[in-house]
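Thanks for asking me to look this one over. Here is the model, and below it are my notes.

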Amino acid sequence: MAVFVVTGAKRGIGLEFVALVRDLNRDLSELHAIESKSNSCVHLIECDISSYDSISNVGTRLVSDLGADFKISTLINNAAIQHSQQQTSLNMSAYSLQSHITTNVIGPARMMQVLLPYLEKGAVITNITSGIGSLKKVSVGRINAEITPYSISKTALNMLTVHQAHHLKGKAIVVCMDPGHVKTEMGGPKAVLETTDSAQSVLASLSRLVPNGNGKFFLYNGTELPW
């Protein structure tokens, strides 16, 4: 049976990923409701993605829940933070930049390190990023140069993806994926994409990945994006 590990599953797109993987009805709005109706196929593990120690315990918890022989077929690093939305390069604080890097870059990096022994050969790993992490899109004005600490963290996550893809070449496929401007708390009032549509498209795109997609940056629908 395929094993999916999804971080940041408490709300938004992460919650939708879990519901879709289990093929449950969309009216389940709480993660514990999904777990209770999953016939023991969904396991919740509390983890603070900004905490090195908390992430370090995830492997042990998965072994406890799934047994020593389990293997992960798909890892979706979805957990992230976004705050200090008015900060630009001219006024951002050290705290804001550091907290975004800790959660949005170091968190996924550590999660990969911890789960590496449990990945099946050919596993698919996606780091959920954002178009605002694209140097090309921001430099030419296709996306506004704003939310600077968050933008910088997503650009760094993209580079992390490239390094992970290089180091795991032949063992796993690693990509970063922009889920689109989704109607979530983080997406804000101008978002246009429903969480279900985004999550369904991301999962469909991941299912179509082939080895030559390793290390690339995709939109939720599978379109390759510029760095």
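The points below go from the whole chain to the sheet, then to one helix and one ion pair.

1. First, a word on what we have: this is a predicted model. The protein chain contains 8 helices and 5 strands. From the N terminus onwards, these elements come in the pattern β-α-α-α-α-β-α-β-α-α-β-α-β.

2. Some totals may help you to get your bearings. The protein chain has 227 residues, and 46% of them count as buried. Its accessible surface is about 11700 Å², with carbon and sulfur atoms contributing 52% of that area. If we take contacts between residues at least 6 apart in sequence, 65% of them link residues that are at least 24 apart.

3. Now to the sheet. How are the strands ordered? The 5 strands make an open sheet that runs β1-β2-β3-β4-β5, with parallel pairing. At its edges are β1 (4-6) and β5 (217-219), each of which pairs on one side only. From one strand to the next, the twist averages 25°.

4. Within that sheet, I would point you to one strand pair. Strand β3 covers residues 119-128 and strand β4 covers residues 172-178, and the two are joined in the parallel sense over 6 bridges. To find the register on screen, look for valine 124, which stands opposite isoleucine 173 of β4.

5. Helix α7 deserves a look of its own. This helix spans residues 148-167, 20 residues in total. Between its first and last C-alpha the distance is 29 Å, close to the 28 Å expected at 1.5 Å a residue.

6. Which elements do the buried residues of α7 pack against? Their partners are helix α5 (94-115) and the strands β3, β4 and β5. The buried set in α7 includes Thr148, Pro149 and Tyr150 towards the start of the list, and also Leu157, Leu160 and Ala165. Polar side chains belong to that set too, among them Lys154, Asn158 and Gln164.

7. Finally, the ion pairs. How many salt bridges does a search of the whole structure find? The answer is 1. In this salt bridge, glutamate 224 pairs with lysine 216, and the closest N and O atoms are 4.0 Å apart. Are the two partners buried or exposed? Glutamate 224 has a relative accessible area of 47%, so it counts as partly exposed. Lysine 216 is partly exposed as well, with a relative accessible area of 27%.

Terms used
Residues numbered from 1 in each chain as written. Predicted model: local features only at pLDDT ≥ 70, side-chain atom pairs only at ≥ 80, totals over all residues. Heavy atoms only, no water. Pairing = 2+ DSSP bridges. Helix = DSSP H or I, 4+ residues; strand = E, 2+ residues; numbered from the N terminus. Axes fitted to C-alpha atoms, helices over the stretch in contact; angles between N-to-C directions. Expected span 1.5 Å × (residues − 1). Buried < 20%, exposed > 50% of the residue type's maximum accessible area, 1.4 Å probe, protein only. Contact = heavy atoms within 4.5 Å. Areas by Shrake-Rupley, 256 points an atom, 1.4 Å probe, with all protein chains shown as cover. Salt bridge = Lys/Arg side-chain N within 4 Å of Asp/Glu carboxyl O.
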